[in-house]
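Got your viewer open? Good. Grab the selection tool and let's take a walk through this one together.

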Amino acid sequence: MKKFLVLLLLSTNAAIAQQPMQLWYKQPARRWEEALPVGNGRMGAMVYGRPEKEILQVNEESVWAGIKFNDANPNAYKVLDTIRKLIFEGKNQEALTIANANFLAVDAENSNKTARAFRSYQTLMNVNIDYGVTAYDDYKRSLNLETGIAATTFKVNGVEYKQEVLASAPDNVIVVQISTSKPGSLNATFSIDRPNIRDTASRFTDCKVTAAGNNQLILNGQINDRNGKEDHGPEGLHMKFAGMLQVANTGGTKTAGGQAIQVKNANSVTLYIQGATNYNYTKQDFEDAVSALNKCKKLMQAAAARSYAAISTRHIQDLKPVMERVSLEINGQHADDIPTDERLQRTKQGIEDPHLISLFFQYGRYLLVSSSRAPGVLPANLQGIWNQHMDAPWNADFHTNINLQMNYWPAEVTNISFTTTPLFDFMDYIRPQGRITAKKMYNARGWVVHHCTDAFGKTGVQNGVAWGTFPMAASWMCLHFWEHFAFTLDYTFLKNKAYPIMKEHALFVEDYLVKSPEGFLVTSPGSSPENQFVHPVTGKPTGLTYGPTMDNQILREFLSKCIAAAKALRTDSAEVVRWEGIIAQLPPTKTGKDGRILEWMQEYQEVEPGHRHISHLFGLHPGTQITEQTPALYEGALRTLTGRLAKGGGHTGWSRAWIINFYARLKQADSVRSHLQALFAKSTLPNLFDNHPPFQIDGNFGGTAGIAEALLQSHGDYVELLPAVPAAWSSGKIKGLCARGGFILDISWENGTLSGVKVRSTTGRNLVLKYRQHLLPLTVERGKEVVVPVDQLL
Ligand code: FUC
């Protein structure tokens, strides 16, 4: 394996004081992928930091094109038995032809036309700042991950300019503070706009900007949906949205002219940026009777009553303790004297940079906290909350065949459990649609969602039958509810929120499964996400099948957790017996001739042997079925990974991130290291956003989770310390990682060996620590901390 150069400059230096985690650059962002993100869960902004023409690209989480309708195809049930019969007879192509005509999402209540794709999550607006500056020096821009402040500083003829941007959760607003070192020298023009503000050949004006008084600009609009080449569902005027900019200056003058506000000779300026829509997340729909503009004005009034100083103090008090819950240091502390883009460039050249690893790790936490929390209500989408497009890649939607799940992998273990609230609410609110879909398509009880959904909670089959027929997405999503309980031991959550949703989905599972010719209970039709095999008779690429390995593994995991939940709540013993009966009839995970895990029921030839989805390793991660206790499968998983990688696997950011997690579970520490390196080298943008390509945030979250997984694992019967720490990370400290069972751990290591462990109990009591081959049972009283005698683990 290629040896990495170790950057000596960045080696241990105990003399360096603890520095804040920040991304920083010596030049403004030339493009969006270089801009820096701030977010409060509801609103987000990408800050370019341009002295000439500053841009803040602003999002509000619910600006979604499209409308709500149940998109389940009612014809599906009429052909379900036929399709199943054909699939069992090996006539997959015939089954696909019938499914193509009867399964795809439709708008049955209105046009009955097939709605082939969702519409998109959209940008709200840009806030533009013209500083009237053409030449400047001493430039720096940064994003401090502890304070969540994006700062830009530069000098013009010796006068220092300072711009700070933050998105406050407590005050529910984005604020900008601009000041100069020379009183009365600040001149700037502020404006707002949106891509659809002007007519273009393919688009319609959907908003207008007006000034209110001399201090406000108001963007008011309504999404005007049109179909182009594809039918994306009904056309027309749909969601209403509003954006506002309020300007407050100290010193100087302020005038509003046309669609801009000009400030002259001021000492400082505070900008308040607000946005709103008429979306109601409990209904997962917009409400015609609600004025987005009035909502926006009210939000503005509340926020603008506070000064920048007050807002930033409250914001830092809110964010900093959350970020400080966890800290990671690899090979000592490092001087932060290299700009982030240069660090990334060096990494691309093969120079390993432990500082970049901890920065990327904390950035993942920062991004999830900034895109998935109150006052926001929707979960982090494919781009978190940051999107500059009107038609985003994959609509910046919620893909439930890996991507939405991956977004939340770091949530529990990296001590930001509260970020899961929007996800759980969303899954809860999706249920009424999911019930209709389960009934209409499969005449099944319970609820279901297929491989993706949007802000209107669509649950039908999207993007083609072979692609979209993945009803196990719902079972997989349900596992997140269990994980939250496993980490927090929150019985109230389990009883009132998690278990009812899991149990209701279990009804769907019971009704959906059918007996296969081999006598197993299987999903049919089903698919191994987005992958195809060569049909042994027709030689054709085939996706639609029965009992793909991932489905079986998800079901085994899901039903086991339903059983565990019922037992924890001392309820539903009859259900437990039924679920145990189903598990016993699921097809086992098998290996093929070359020892690799089989992705489908039979050993088929693969169409794309380097496919990005490695779905049949679900049992290894995030599942818990392939472990050291199942040596043949464990070895099979390693072979499967090697095989995929040899054929070009891992080419998307999220796929690479998943591979890091797989290797962590396989305890292949050096592969964790090399794939992390590859994630930086091949799939990370200058602002450290993950590159699918294009930008897709799951790789950030999956990467952060992968680093945590190398340091601590708790999915088995014990809490394993440093299970996959690369030899090159010879010393280090991780503080504040969470383990299942209600524990928080601080772990340190020196010369590649464990040197310190502290265990705090939040709610837990008994645990077993594991380090290498050593086990140590421990009791930690609730709320107490224990310093573990490390020699007992060596
Ligand atoms: C899945 C992946 C793609 C992409 C999309 C949003 O379909 O296979 O790579 O990430 O989700």
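What follows is a tour with three stops, and keep in mind along the way that you're looking at a predicted model.

**Stop one: a strand and its two neighbours**

Start by selecting residues 159-168, which make up strand 9. Is this strand mostly tucked away or mostly out in the open? Of its 10 residues, 8 are buried, so strand 9 is largely enclosed by the rest of the structure.

Now add residues 149-156, and you have strand 8 on screen too. Strands 8 and 9 pair in the antiparallel sense, with 7 bridges between them. To see one such pairing, click on Phe154: its bridge partner in strand 9 is Tyr161. Next, look at the turn that links the two strands. Strand 8 and strand 9 form a hairpin with 2 residues between them, and Asn157 in that turn has a positive phi of about 45 degrees.

Strand 9 has another partner to show you. Select residues 173-180 to bring up strand 10. How many bridges join strand 9 to strand 10? There are 8, and these strands run antiparallel. Pick out Ala167 and you'll find Ile174 of strand 10 standing opposite. Strand 9 and strand 10 form a hairpin as well, with 4 residues between the strands. Click on Asn172 there, which takes a positive phi near 55 degrees.

**Stop two: a buried glutamine**

Jump ahead to Gln274, which sits in strand 17 (residues 268-277). Why does Gln274 count as buried? Its relative accessibility is 0%, and the cut-off for buried is under 20%. What does its side chain touch? Show the side chain of Arg42 as well: the two side chains make a polar contact at 2.6 Å.

**Stop three: a glutamate and its company**

Finally, select Glu606 in strand 28, a strand that covers residues 605-606. Glu606 has a relative accessible area of 15%, so it is buried.

Which residues is Glu606 in contact with, leaving aside neighbours within four places in sequence? Light up Gln532, Val534, Arg596, Trp600 and Arg644. Take Val534: it lies 72 residues from Glu606 along the chain, yet their C-alpha atoms are separated by 6.0 Å.

Then turn on the side chains of the two arginines in that group. The Glu606 side chain makes a polar contact with the side chain of Arg596 at 3.2 Å, and another with the side chain of Arg644 at 3.4 Å.

Technical notes:
Residues are numbered from 1 along each chain as its sequence is written. This is a predicted model: local features need pLDDT of at least 70, side-chain atom pairs count only at pLDDT 80 or more; totals for chains, interfaces and linings use all residues. Side-chain values use heavy atoms; hydrogens and water are left out. Buried means under 20% relative accessible area, exposed over 50%, partly exposed in between (1.4 Å probe, protein chains only). A polar contact is a pair of N or O atoms within 3.5 Å; within protein, one must be able to donate a hydrogen and the other to accept it, and residues adjacent in sequence count only if both atoms are side-chain atoms. Two strands pair if DSSP finds at least two bridges between them. Contact means heavy atoms within 4.5 Å.
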